[in-house]
Amino acid sequence: MHRYDVLIIGSGLAAATLALSLPDSMKVLLVTKKMPEDSSSYWAQGGIAAVMGSDDSFDEHVRDTLVAGAGLCNEAVVRRVVEAAPAALHWLIEQGAPFDQEGDGYHLTREGGHSRRRILHARDATGRAVQDILLGRVRARANVTLMSQHIAIDLITDRRLAGREAEGLDDSVRGAYVLNTLSGKVETISAGFPVLATGGAGKVFLYTTNPDTATGDGIAMAWRAGCRVANLEFVQFHPTCLYHPHAKSFLITEAMRGEGALLRLPDGSRFMPEHDERAELAPRDVVARAIDSEMKKRGLDCVYLDITHKPAKFIVSHFPNIHARCLELGIDITREWIPIAPAAHYTCGGVRVDPSGRADAAHLYAIGETSCTGLHGANRLASNSLLECLVYGRAAANDIAAQTPSPALPLPSWDESRVTDADEEIVIAHNWHELRRFMWEYVGIVRTSKRLERASHRIKLLNDEIDEYYRNFRVSNDLIELRNLVLTAELIVNSARLRHESRGLHASRDYLGLLPEARDTVLTPL
Ligand SMILES: Cc1cc2nc3c(=O)[nH]c(=O)nc-3n(C[C@H](O)[C@H](O)[C@H](O)COP(=O)(O)OP(=O)(O)OC[C@H]3O[C@@H](n4cnc5c(N)ncnc54)[C@H](O)[C@@H]3O)c2cc1C
């Protein structure tokens with residue numbers, strides 16, 4: 001058994017911010033299931049929102065966030081995050097974040113839903129620039145141990161230690177079981193404060209902009225440890241993800257529509273003007289719904305984005321990365337339309353936490369996309385998510401530093417009796433694909449009660465099968481992820497079935513209107 005003061009699960013912006021904000025005196029372990037760079041944070045393009053300009057104000061950033069959140073944001077949380085943003089950004093700049101500059105200040109860009117220029121960015125690859133700096137610093141910290149290729153399987157709780165029948169016992173988290181995916185050994189980690197910084201759950205859906213790591217692990221682990229989750233029905237879909245067999249998860253920026261690109265059906269006709277008077281310039285969720293409806297109505301796998309009417313020089317200079325990536329795949333975007341489909345992009349809901357990132361179970365924290373803080377409500381405002389990682393990473397660090405870790409308890413080793421290797425990878429792969437496809441078709445951009453019911457039924461069957469696998473076979477990375485994906489999918493479907501209205505990102509054909517009062521969907525484990 002290994003003992004640490006803090007166990008951080010994940011290596012995205014939330015995890016790195018926390019690791020660097022904890023005092024040097026604390027012994028910290030950071031585990032990440034692939035390489036440290038495998039995270040949504042590393043892939044983030046646009047930037048981070050904060051009030052930095054003299055023509056901007058906290059009130060305006062708060063208002064923009066509340067409008068995007070469709071009445072469901074927690075206003076006190078929004079204000080706290082918005083007001084904490086400039087200091088968090090200055091901290092990031094002190095760490096060495098290379099944001100684009102203009103004159104003697106920073107270049108601020110503007111994104112959909114923001115009434116002012118307030119996005120700090122490093123060209124069109126902000127996440128990579130920031131994470132390269134922070135991960136370098138994490139590696140240099142003497143008090144932090146970083147382990148790649150280590151996937152957390154489950155949290156170790158008092159209830160688990162006492163046996164499941166110990167009803168009524170308030171759960172306290174003591175550590176986690178972590179699989180070293182290279183050696184196949186499961187390690188027992190005891191920690192005063194375990195922190196879930198595991199990112200979102202885009203991989204629940206067939207099409208996603210997220211990296212392969214986004215399998216809802218933190219949400220599932222917290223739920224199994226007895227914590228509430230909230231607002232999981234709100235999944236943000238990005239309207240334009242490249243549709244190509246060899247390009248998983250490549251985002252085509254919305255700025256391309258901003259520069260005049262048109263959406264077309266395979267026969268060349270436009271469809272956006274029929275859906276919204278703003279046509280291609282309608283907000284992200286409206287465009288995603290329109291594309292989804294055309295694809296479903298016509299049985300299409302994709303539609304097309306056409307920017308060929310602009311001069312080639314303009315296209316190459318404005319969209320160098322997209323131009324280069326598409327060219328690698330044989331698509332010259334100066335002459336050809338880009339095949340696109342909407343894709344799951346951001347998980348607004350997650351583990352319910354307080355302003356310091358504390359989850360329900362004692363000693364457990366959840367920060368970043370895996371959490372539900374109340375900031376995003378029913379729809380996330382662009383560039384507020386990286387901000388949330390920063391603000392909550394710092395808040396959790398302060399809260400942890402102010403406490404004395406509980407004494408280490410002896411924790412039992414992982415039960416190695418399940419030594420049989422499952423030689424049924426094909427079954428795991430099949431279930432994985434089946435889940436992602438029906439979640440896309442039944443629980444995607446536009447929902448109906450009937451489709452949600454169907455999804456719920458299919459999930460029950462999958463759950464039984466996965467449960468049997470999990471109980472009987474040696475755990476593997478794929479099995480752990482599939483188990484978490486199925487549970488997260490179930491929580492998403494259950495949340496969606498409880499919302500009898502269309503609000504923000506949750507659109508239901510059976511409940512078209514808004515209820516008079518906006519309420520969180522909170523699920524409580526039995
Ligand atoms: C393509 C793309 C572009 C985006 N652009 C922007 C943008 O411009 N601005 C913005 O604000 N937001 C953007 N977002 C959203 C933003 O990037 C994410 O919300 C944010 O990075 C989440 O950070 P995180 O630290 O919570 O999780 P992540 O960065 O996803 O990190 C999660 C980490 O946890 C690890 N992990 C997961 N499960 C386990 C486990 N069981 N055991 C061990 N490790 C585990 C993963 O491997 C990963 O390292 C974008 C997202 C994508 C996908």
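Two strands count as paired here if DSSP finds at least two bridges between them. Keep that rule at hand, as much of this tour through a predicted model follows one strand and its partners.

**Stop 1: the whole chain**

Start with everything selected. The protein chain holds 16 helices and 22 strands, and its C-alpha trace spans about 65 × 55 × 50 Å along the principal axes. Why does the radius of gyration agree with a compact globule? With 526 residues, such a globule would come to near 24 Å, and the protein chain has 22 Å.

Colour by burial next: 59% of the 526 residues count as buried. The accessible surface amounts to about 21100 Å², and carbon and sulfur atoms own 50% of that. If you show contacts between residues at least 6 apart in sequence, 74% of them link residues at least 24 apart. For charges, pick out the 59 positive and 68 negative side chains; the centres of these two sets are 1 Å apart.

**Stop 2: strand 11**

Now select residues 186-196, which make up strand 11. Is this strand mostly covered or mostly open? Mostly covered: 11 of its 11 residues are buried.

**Stop 3: the partners of strand 11**

Add residues 173-180, which form strand 10. Strand 10 runs antiparallel to strand 11, and five bridges join them. To see one position in this pairing, label Y177, which stands opposite T188 of strand 11. Then follow the backbone from strand 10 to strand 11: the two form a hairpin with five residues between them. In that turn, stop at G184, where phi is positive at about 80°.

Next, bring in residues 2-9, strand 1. Strand 1 pairs with strand 11 in the parallel sense, over seven bridges. Which residue of strand 11 is the bridge partner of V6? Look for F193.

One more partner to show is strand 18, residues 365-366. Two bridges join strand 18 to strand 11, and the two run parallel. Here L196 stands opposite A366 of strand 18.

While the side chains are on display, recall that in a regular strand they alternate between the two faces of the sheet.

**Stop 4: helix 3**

Finish by selecting residues 58-68, helix 3. Its buried residues are E60, H61, V62, D64 and T65. Show strand 3 (48-49), helix 4 (75-95) and helix 13 (384-401) as well, since these are the elements that the buried residues of helix 3 pack against. Last, step along to A70, which follows helix 3 and has a positive phi near 55°.

Conventions. Residues are numbered from 1 along each chain as its sequence is written. This is a predicted model: local features need pLDDT of at least 70, side-chain atom pairs count only at pLDDT 80 or more; totals for chains, interfaces and linings use all residues. Side-chain values use heavy atoms; hydrogens and water are left out. Buried means under 20% relative accessible area, exposed over 50%, partly exposed in between (1.4 Å probe, protein chains only). Helices (H or I, at least four residues) and strands (E, at least two) are DSSP runs, numbered from the N terminus. The radius of gyration is taken over C-alpha atoms; the globule rule is 2.2 Å times the number of residues to the power 0.38. Contact means heavy atoms within 4.5 Å. Accessible areas come from the Shrake-Rupley method with a 1.4 Å probe; for residues, only the protein chains shown count as cover. Lys and Arg count as positive and Asp and Glu as negative; His and the chain ends are not counted. The place of a charge is taken as NZ of Lys, CZ of Arg, CG of Asp or CD of Glu.
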